[in-house]
Amino acid sequence: MEQYLIPIYTLREVIDWQKVNLVNNNIWAFDLSPQILTEENLNYPSKVICFGLFLITSGEAVINIDFQELHLCKNDILNLFPNNILEFKKLSEDCHIKAVVISIDYFTELNIGLNSQYAFDILSNNFSKLVSLSPSICKAISYNIRCIQRLNNPDITNHFSIEMLKMYFSLIVYDLANFMEYELKNNNFKSFRKEDIAIKFVNLVAHNFRKRKDVQYYADLLFITRTHLTRTIKDVFQKKPKEIIEDKIISETKILLLKNELSITQIMDDLNYNDQAAFTKFFKKNTGITPHQYRKR
């Protein structure tokens, strides 16, 4: 029987877990800081089935998306897609994040009338996860998130809260779409071809890393040479393809090791390793400790 290796939540489950009272449970705007992160124990890999935007209004943050480390600073915005695995690694003491997450159904109901595809791309896994905004756009989005927080509070009476919530979130998407179009016209983004290959590679690794750990396999799936794949991944992620595959294996191993009901042998079987000595050597090379030592920490 297939087992989930990381926690998977619906947006409604997260809202219930946090005991948040909202006018509309399909959209939730909130603030994140180092203190809140510690209090709510959010620094653990998890998957929430929703769209999301995380805007850094001050300080710096290190966040993993699908086990790929991203460094964010003031005016950066991070896009979350329903299939992403999210992990908050580190927030500076002065870090403050304005966040808004919405259900898939809510997004489909917005009926955003843009002539371009950018509005959806902003919240899809076909677009860059991290975008550096101008201060003015950052200020506008931050304001709209605050409006969503106010309107979604059941203690504040507003007869048109439901309609206005959609309006303010739509304004965020329009602001982002407008910013993207301007940046694209001025060639301020990396090649979409490189970004597309990189994201497809990461998705392929996420689905196949247990059975296939060789870079050539992924290059063949992408119909490009291994050399081209290596060059592209290094340009986008500053890592070699092999390092990303190994990072995924190590991350998955750590998660499995936290499941005390699974033996080391069972974990090896799940990851398609049949040589315990080689597996232990690989894990220690990447973490500095053995699987047994990691489990006992």
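**Salt bridges, aromatic pairs and a small set of strands**

R210 is partly exposed, with a relative accessible area of 24% (buried means under 20%, exposed over 50%, and partly exposed in between, for a 1.4 Å probe and protein chains only). The model is a predicted one, in which local features need pLDDT of at least 70 and side-chain atom pairs count only at pLDDT 80 or more, whereas totals for chains, interfaces and linings use all residues. Residues are numbered from 1 along each chain as its sequence is written, and side-chain values use heavy atoms, with hydrogens and water left out.

R210 is a convenient entry point to the charged pairs. Its side chain meets that of D270 in a salt bridge, at 3.0 Å from N to O (the criterion being a side-chain nitrogen of Lys or Arg within 4 Å of a carboxyl oxygen of Asp or Glu). Because D270 lies in helix α11 (residues 264-270) and R210 in the loop between α7 (192-208) and α8 (215-221), this pair ties together parts that are 60 residues apart in sequence. Helices here are DSSP runs of H or I with at least four residues, strands are runs of E with at least two, and both are numbered from the N terminus. Like its partner, D270 counts as partly exposed, its relative accessibility being 30%. E252 joins in as well: R210, E252 and D270 are linked in a network of salt bridges.

By the same rule, the count of salt bridges comes to six. Another of them brings together the side chains of K98 and D31, with 2.9 Å from N to O. K98 belongs to strand β9 (residues 96-102) and D31 to strand β2, so parts that are 67 residues apart in sequence are tied together by the pair. How do the two ends fare in terms of accessibility, buried or partly exposed? K98 counts as buried at 6% relative accessibility, while D31, at 27%, counts as partly exposed. A further salt bridge is formed by D247 with K239, whose closest N and O atoms are 2.4 Å apart. Both ends of this bridge count as partly exposed, D247 at 21% relative accessibility and K239 at 26%.

Strand β2 (27-32) leads into a loop that holds S33, with α2 (34-39) on the other side of that loop. S33 counts as buried, at 17% relative accessibility. Apart from neighbours within four places in sequence, S33 is in contact with L91 and C95 (contact means heavy atoms within 4.5 Å).

Turning to the strands, three of them form an open sheet in the order β6-β5-β8, with antiparallel pairing (two strands pair if DSSP finds at least two bridges between them). The edges are taken by β6 (68-73) and β8, each with a single partner strand, so one side of each is left without a neighbour in the sheet. From one strand to the next, the twist averages 25 degrees (axes are lines fitted to C-alpha atoms, for helices over the stretch in contact, and angles run from 0 to 180 degrees between N-to-C directions). Strand β5 (residues 60-65) pairs with β6 in the antiparallel sense over six bridges, and A61 stands opposite L72 in β6.

Aromatic rings add another layer of pairing. Rings of Phe, Tyr and Trp (its six-membered ring) pair if their centres lie within 6.5 Å, with planes under 30 degrees apart counted as stacked, over 60 as edge-to-face and the rest as tilted. Eight aromatic pairs are counted by this rule. The ring centres of F54 and F88 are 5.8 Å apart and their planes stand at 75 degrees, so this pair is edge-to-face. With F54 in strand β4 (residues 51-58) and F88 in strand β8 (residues 86-91), the pair therefore ties together parts that are 34 residues apart in sequence. F54 is buried at a relative accessible area of 3%, and F88 also counts as buried, at 5% relative accessibility.

F283 and Y294 form an edge-to-face aromatic pair too, at 5.9 Å centre to centre and 75 degrees between the planes. F283 sits in helix α12 (residues 276-287) and Y294 in helix α13 (residues 291-296), so the pair ties together parts that are 11 residues apart in sequence. F283 is buried at 0% relative accessibility, and Y294 counts as buried at 15%. Elsewhere, F201, Y217 and Y218 form one aromatic cluster. Finally, the charged end of K166 sits over the ring of Y106, 5.9 Å from its centre (this requires NZ of Lys or CZ of Arg within 6 Å of the ring centre and within 35 degrees of the ring normal).
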